[in-house]
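Subject: The structure, with some notes

Hi,

Here is the structure I promised to pass on. Please have a look at it first, and then read my notes underneath.

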Amino acid sequence: SKDGPWHAYVLLRAEAWSSHTLKSDEKKCGIRSVITKTETRGPYTRPFTVYFVHTKTAFSVKGVCKRFSDFKELDQKIKKNFKSFNAQFPPDKVFNSMAPEFVSERRKQLQTYLDDAMAVPEIAAF
């Protein structure tokens, strides 16, 4: 991340997972990443969206905040190391990227992307 190190935050409430059920094929991998919420940060002149991602394994739950550019960087690394992985990554958008409807739709697209990536055991372990 260009903005410095990624910071973790403590997860205090298990309810964040209650609305996210695992499909039977996702249980095999033993790992699940869920975008639990979004938040606008930055100065008024250059706001950006961060996505709160909770990653749950059999032994722990960890949380991080990521920007779209961080997801894009992850996509590039995955596609470089796993040539057969061809999940669609959400496109860039320059105008109106802070509109609530757009942020909500992008969150859904990123969640679908994460679900596709986590369904591949080699990527989930990457």
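Below are some notes on confidence, the core and a helix pair.

This is a predicted model, in which local features need pLDDT of at least 70 and side-chain atom pairs count only at pLDDT 80 or more, while totals for chains, interfaces and linings use all residues. Residues are numbered from 1 along each chain as its sequence is written, and side-chain values use heavy atoms, leaving out hydrogens and water.

The mean pLDDT (the predictor's confidence in each residue, from 0 to 100) is 83, and 77% of the residues reach 70 or more. Over residues 6–27 the pLDDT is below 50.

The largest nonpolar core (buried Ala, Val, Leu, Ile, Met, Phe, Trp, Tyr and Cys joined through side-chain atoms within 4.5 Å; buried means under 20% relative accessible area with a 1.4 Å probe, protein chains only) has 15 residues, and Ile-35, Phe-71, Ile-78, Phe-85 and Leu-110 touch the most other members. β2 (48–57), α2 (68–81) and α3 (100–118) each supply at least two of its residues; helices (H or I, at least four residues) and strands (E, at least two) are DSSP runs, numbered from the N terminus. α3 gives the most, with four.

The axes of α2 and α3 (lines fitted to C-alpha atoms over the stretch in contact, with angles from 0 to 180 degrees between N-to-C directions) come within 12 Å and cross at roughly 30°. The two helices are therefore roughly parallel (angles under 35 degrees). Their contact (heavy atoms within 4.5 Å) includes Phe-71 and Ile-78 of α2 and Leu-110 of α3.

Best wishes

Note on methods. Buried means under 20% relative accessible area, exposed over 50%, partly exposed in between (1.4 Å probe, protein chains only). Angles under 35 degrees count as roughly parallel, over 145 as roughly antiparallel, 65 to 115 as roughly perpendicular and the rest as oblique.
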